[in-house]
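Visitor: Hey, have you got a few minutes to walk me through this one? I'd like to poke around with some quick questions.

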Amino acid sequence: MLEFSLPGGGLKGITLVGTLIALRDRKIIPDIVTGISAGAYAGYMTYSGMNRQKILKWFALSRNHFYKRSLSWYLPPYDVQGEYVKKMSRPYLVERADFDRYGIRKFYVGYTTLPRFKFESVDILDNYCKHQAYEKVMKSSLVPFVTHYAPHFEGAIDGSFRRLFFASPEEPKERWLFTLGDLYIFRNHSKEFDRVIRLDTKIKSLTRARTSDLIDEFDIGYEQGLKITA
């Protein structure tokens with residue numbers, strides 16, 4: 001059994017998606033996925049079978065959600081229930097069968113709980129419901145925190161506040177850790193992994209990335225994925 005650990009990293013996650021899809025195309029697919037924030041989204045998109053166009057659209061929507069907004073746009077009582085985010089998310093909900101098709105047995109998502117600020121994880125494939133699974137992926141990211149998506153928030157914020165990556169409680173034969181750019185400096189925490197794969201990225205700003213930048217990053221990730229040997 002093989003496990004992929006996928007880190008947070010904002011829009012840099014699109015590089016990771018490109019890499020994972022390249023590996024998927026080469027039939028290098030994990031049995032277990034562990035993801036935080038952008039890493040959770042990357043795994044969710046890759047192993048739900050979304051195509052390149054749909055993935056790029058999601059990242060563009062996420063960028064636009066933050067772009068040129070005044071601070072008051074994120075403060076209560078504006079969109080307290082996150083209706084905009086709910087509507088934006090609907091096209092990206094997927095069935096359990098999509099993950100089964102790729103042989104994904106476990107999919108752990110990590111988040112930081114409040115008020116104790118502790119790290120926890122949950123398998124989104126356990127008693128699967130497509131709405132609840134996507135909520136847990138969102139719960140792992142900064143998005144629900146800044147959009148006041150109360151049904152997702154549930155006393156938790158981005159998992160990256162406590163950890164950039166983690167290993168599942170399972171016992172796979174091999175674990176691969178993917179890192180994004182400068183996140184590689186946290187190598188001292190990666191001893192539990194059999195392989196560390198560092199991906200180069202160029203995106204630096206969440207709000208200033210152009211659509212062409214997103215396309216380039218996806219392709220950069222894909223090319224790096226083609227060079228990874230099993």
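Visitor: Let's jump right in: is Asp31 buried or exposed?
Guide: Asp31 is buried, with a relative accessible area of 17%. Keep in mind that this is a predicted model.

Visitor: Which side chain does Asp31 meet in a salt bridge?
Guide: That would be Arg105, at 3.9 Å from N to O. Arg105 lies in the loop between helix H5 (96-101) and E3, while Asp31 sits in the loop between H1 and E2, so the pair ties together parts that are 74 residues apart in sequence.

Visitor: How many salt bridges are there?
Guide: The count comes to 8. One of them joins Asp219 and Arg52, at 3.1 Å from N to O. Asp219 belongs to helix H9 (residues 211-226) and Arg52 to helix H3 (residues 52-66), so that pair ties together parts 167 residues apart in sequence.

Visitor: And how accessible are those two, Asp219 and Arg52?
Guide: Asp219 is partly exposed at 30% relative accessibility, and Arg52 is partly exposed at 36%.

Visitor: Got another one for me?
Guide: Sure. Arg198 forms a salt bridge with Asp200, and their closest N and O atoms are 2.4 Å apart. Arg198 is partly exposed at 37% relative accessibility, and Asp200 is partly exposed too, with 42%.

Visitor: OK, back to the start of the chain. Where does Leu2 lie?
Guide: Leu2 lies in strand E1. Leu2 is buried, with a relative accessible area of 13%.

Visitor: What does Leu2 touch, leaving out residues up to four places away in sequence?
Guide: Leu2 touches Ile29, Pro30, Asp31, Ile32, Pro172, Glu174 and Trp176. So Asp31, the salt-bridge partner of Arg105, turns up again among the contacts of Leu2.

Visitor: How far apart are Leu2 and Lys173?
Guide: In sequence they are 171 residues apart, and in space they are 6.1 Å apart, C-alpha to C-alpha. Across the chain, residues 24 or more positions apart account for 74% of the contacts with a separation of 6 or more.

Visitor: Let's switch to helices. How many residues does H1 have, and what does it span?
Guide: H1 runs over residues 13-25, which gives it 13 residues. From its first C-alpha to its last it reaches 18 Å, close to the 18 Å expected at 1.5 Å a residue.

Visitor: Why call H1 largely enclosed?
Guide: Because 12 of its 13 residues are buried, H1 is largely enclosed by the rest of the structure. The buried ones include Gly13, Leu16, Val17, Leu20 and Arg24.

Visitor: And how many residues of H2 are buried?
Guide: H2 is mostly covered, with 9 of its 9 residues buried. Among them are Tyr41, Tyr44 and Met45.

Visitor: What's the backbone doing just after H1?
Guide: Lys27 takes a positive phi of about 70 degrees there, although it is not a glycine. Most residues other than glycine have a negative phi. Lys27 sits in the loop between H1 and strand E2 (32-36).

Visitor: Which non-glycine residue has a positive phi of about 55 degrees?
Guide: Ser37 does. Its place is in the loop between E2 and helix H2 (38-46).

Visitor: Are Lys27 and Ser37 buried or exposed?
Guide: Lys27 is exposed, at 71% relative accessibility, whereas Ser37 is buried, at 7%.

Visitor: Now the outside. Which residues make a nonpolar surface patch?
Guide: Leu114, Phe117 and Phe161 make one of about 260 Å². Leu114 is found in the loop between strand E3 (106-113) and strand E4 (118-123), and Leu114 is partly exposed, with a relative accessible area of 36%.

Visitor: What about the whole chain?
Guide: The chain has 9 helices and 7 strands. Buried residues make up 51% of its 230 residues. Its accessible surface comes to about 11300 Å², with 50% belonging to carbon and sulfur atoms.

Visitor: Last thing: which elements have the lowest and the highest mean pLDDT?
Guide: Helix H8 (residues 150-153) has the lowest, at 50, and strand E1 (residues 2-6) the highest, at 96. The mean for the chain is 82, and 80% of its residues reach 70 or more. Where pLDDT is low, the predicted coordinates should not be read in detail.

Terms used. Residues numbered from 1 in each chain as written. Heavy atoms only, no water. Helix = DSSP H or I, 4+ residues; strand = E, 2+ residues; numbered from the N terminus. Buried < 20%, exposed > 50% of the residue type's maximum accessible area, 1.4 Å probe, protein only. Contact = heavy atoms within 4.5 Å. Areas by Shrake-Rupley, 256 points an atom, 1.4 Å probe, with all protein chains shown as cover. pLDDT = per-residue confidence, 0-100. Patch = residues over 30% accessible without salt bridge, like charges linked within 9 Å, V, L, I, M, F, W, Y side chains within 5 Å. Salt bridge = Lys/Arg side-chain N within 4 Å of Asp/Glu carboxyl O. Expected span 1.5 Å × (residues − 1).
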